[in-house]
Amino acid sequence: PRAASLAEAASQALSFAFVSTIMATSLRGFLTNVARVFRAQSASATAASAHHIAMALSGALGCAFVASVLLLRTLLPPRYRATITEALGASIDFPAYHRWFD
């Protein structure tokens, strides 16, 4: 019994580390592409348009982060989903977002 619970805990920790690594590299790739676009636009942009570009890119980054969290939530066992549900708000229609991933 103790070995089984230890193996389950190790399996969960490794799975979490693997998923976290995938999410981090995906986010890193997104940020790299955003930086390229921002550098290309800021070279010929005025200060006011640079602020608009920065706001648009920060909004896109926020959307990408929330999408990653929602996707991670779908991959978690049901007993761990409650924590993410509380953090995002219980009033969110999660099944609607899950259908978008399909």
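**Entry 1: the largest pocket**

I began with the lining of the largest pocket, which consists of Gln-12, Ser-15, Phe-16, Val-19, Leu-72, Leu-75, Leu-76, Pro-77 and Tyr-80. Helix 1 (2-43) and helix 2 (47-75) are the elements that each contribute two or more residues to this lining. I note that the model is a predicted one.

I then asked which element gives the most to the lining of the largest pocket. Helix 1 does, with four residues. By residue class, I recorded seven nonpolar and two polar residues in the lining, and no charged ones. For the volume of the largest pocket, I noted about 210 Å³.

**Entry 2: the chain as a whole**

I turned next to secondary structure and found four helices and zero strands in the protein chain. Read from the N terminus, the order of elements is therefore written α-α-α-α, helices being taken as DSSP runs numbered from that end.

How much of the protein chain is buried? I recorded 12% of the 102 residues as buried. The exposed area of the protein chain is about 7,600 Å², and I noted that carbon and sulfur atoms supply 68% of it.

For contacts, I considered those in the protein chain with a separation of 6 or more. Of these, 54% join residues 24 or more positions apart.

**Entry 3: Pro-95**

I looked up one residue individually. Pro-95 lies in helix 4, which spans residues 94-101. Is Pro-95 buried, exposed or partly exposed? Its relative accessibility is 46%, so I entered Pro-95 as partly exposed; the class runs between under 20% for buried and over 50% for exposed.

I also checked the position of Pro-95 against Thr-74, which is 21 residues away along the chain. Their C-alpha atoms are separated by 9.7 Å.

Notes. Residues are numbered from 1 along each chain as its sequence is written. This is a predicted model: local features need pLDDT of at least 70, side-chain atom pairs count only at pLDDT 80 or more; totals for chains, interfaces and linings use all residues. Side-chain values use heavy atoms; hydrogens and water are left out. On a 1 Å grid over the protein atoms alone, a cavity is a set of points where a 1.4 Å probe fits but cannot get out, and a pocket is an open set with protein on both sides within 12 Å along at least five of seven lines; lining residues have an atom within 4 Å of a point. Grid points are joined across faces, edges and corners, and a volume is the space filled by probe spheres set on the points. Ala, Val, Leu, Ile, Met, Phe, Trp, Tyr, Cys and Pro count as nonpolar, Asp, Glu, Lys and Arg as charged, and the others, Gly among them, as polar. Buried means under 20% relative accessible area, exposed over 50%, partly exposed in between (1.4 Å probe, protein chains only). Contact means heavy atoms within 4.5 Å. Accessible areas come from the Shrake-Rupley method with a 1.4 Å probe; for residues, only the protein chains shown count as cover.
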